[in-house]
Amino acid sequence: MNDVTVVGGGVAGLSCAWELTRAGRRVALLEADRIAAGVTGYTTAKLSSLHTLVYERLRRTRGADGARAYAQSQQGAVERVAEIAELLDIECELERFPAFTFGRDPVGADRLRAEAAAAKGAGLAASCQEPSSPHRTSSSPRTTRSSTVPCSSPGSRRAANS
Ligand SMILES: Cc1cc2nc3c(=O)[nH]c(=O)nc-3n(C[C@H](O)[C@H](O)[C@H](O)COP(=O)(O)OP(=O)(O)OC[C@H]3O[C@@H](n4cnc5c(N)ncnc54)[C@H](O)[C@@H]3O)c2cc1C
């Protein structure tokens, strides 16, 4: 007899099933097709708590506590995957890189600055890098976080998100 039935063998279902099993529950995982062959099979496997422009909107609509809770949940998930990869000794070429959100024109520059400020206010190590080099094609700044963890698929190395 199972304690829990998890429906769907993508990364969400597999993660739930694994965590529940670790917590001592008896888990049945039901998959209609093949394990990790749905959307999960096509992921670029990048993990990040910087999701283009989200923190400024969250701060506006959910308040500072809401933005902080989102940041903590996202960064917590990134760190959890890193822990699990280490715990299970998974050869996935896990590497840490900064994550960037770039602006392509000056129009969005203020939004990028606001996003960097909101992300920092939410507790992330975020900053806004203003264009400094005349060789740069973009005159817009970019936001960056310094501790994201892209997890590449076996056999390939991925760059951080843009
Ligand atoms: C090209 C691409 C790149 C991406 N890159 C990234 C990335 O870099 N980083 C990132 O974080 N996210 C990325 N994503 C998003 C990420 O891959 C998905 O959010 C994630 O894989 C969704 O996982 P899931 O378990 O929710 O869904 P799925 O992987 O779709 O799994 C759902 C499973 O449930 C099964 N199922 C459905 N209904 C039933 C049922 N009634 N009974 C039994 N089984 C059922 C399906 O067959 C499927 O296997 C990317 C997505 C795509 C398409």
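In the predicted model, Leu-112 is a residue of helix H3, which spans residues 109-121. Leu-112 counts as buried because 22 C-beta neighbours lie inside 10 Å, and the threshold for this class is 20 or more. Along the chain, Leu-112 and Leu-53 are 59 residues apart, yet their C-alpha atoms are separated by 7.5 Å.

Two further pairs link distant parts of the sequence, and each includes a residue of helix H2. Ala-69 is placed in helix H2. A distance of 7.8 Å, C-alpha to C-alpha, lies between Ala-69 and Ala-122, although 53 residues set them apart in sequence. Ala-69 has 15 C-beta neighbours inside 10 Å and therefore counts as partly exposed. Arg-60 is likewise found in helix H2. The C-alpha atom of Arg-60 is 9.5 Å from that of Ala-118, and the two residues are 58 apart along the chain. Arg-60 is exposed, because 12 other C-beta atoms lie within 10 Å and the exposed class covers residues with 12 or fewer.

The protein chain as a whole contains three helices and six strands. Read from the N terminus on, these elements follow the order β-α-β-β-α-β-α-β-β. The chain has 162 residues, of which 22% count as buried; Leu-112, described above, is placed in this class.

The beginning of this order is formed by S1, H1 and S2, which together make a right-handed β-α-β unit. Strand S1, residues 4-7, runs parallel to S2, and four bridges join the two strands. Among the paired residues, Val-6 has Leu-29 of S2 as its bridge partner, while Val-7 stands opposite Leu-30 in S2. Helix H1 has twelve residues, and the distance from its first C-alpha to its last is 16 Å. This span is close to the expected 16 Å, calculated at 1.5 Å a residue. After H1 comes Gly-24, which has a positive phi near 95 degrees.

Positive phi values also occur at two residues other than glycine. For Ala-45, phi is near 65 degrees. Ala-45 is located in the loop that connects strand S2 (27-30) with strand S3 (46-47). The surroundings of Ala-45 include 18 C-beta neighbours inside 10 Å, so this residue counts as partly exposed. For Asp-89, phi is positive as well, near 55 degrees. The loop that holds Asp-89 lies between helix H2 (55-87) and strand S4 (97-102). Asp-89 counts as exposed, because its C-beta neighbours inside 10 Å number 6.

The ligand is surrounded by a shell of 20 residues, of which Gly-8, Gly-10, Gly-38, Thr-40 and Thr-43 come nearest. Helix H1, residues 11-22, supplies three residues, the largest share of this shell. Helix H1 thus contributes to the ligand shell and is also part of the β-α-β unit with S1 and S2. When the shell is sorted by class, nine residues are nonpolar, eight are polar and three are charged. Residues of the shell come from both domain 1 (1-43) and domain 2 (44-162), and the ligand therefore lies between the two domains.

Note on methods: Residues are numbered from 1 along each chain as its sequence is written. This is a predicted model: local features need pLDDT of at least 70, side-chain atom pairs count only at pLDDT 80 or more; totals for chains, interfaces and linings use all residues. A residue is near a molecule or strand if its C-beta atom, placed from the backbone, lies within 6 Å of it. Ala, Val, Leu, Ile, Met, Phe, Trp, Tyr, Cys and Pro count as nonpolar, Asp, Glu, Lys and Arg as charged, and the others, Gly among them, as polar. Domain bounds come from an automatic or database domain assignment. The expected span of a helix is 1.5 Å times one less than its number of residues. Two strands pair if DSSP finds at least two bridges between them. A crossover is right-handed if, with the strands pointing away from the viewer, the path from the first strand over the helix to the second runs clockwise.
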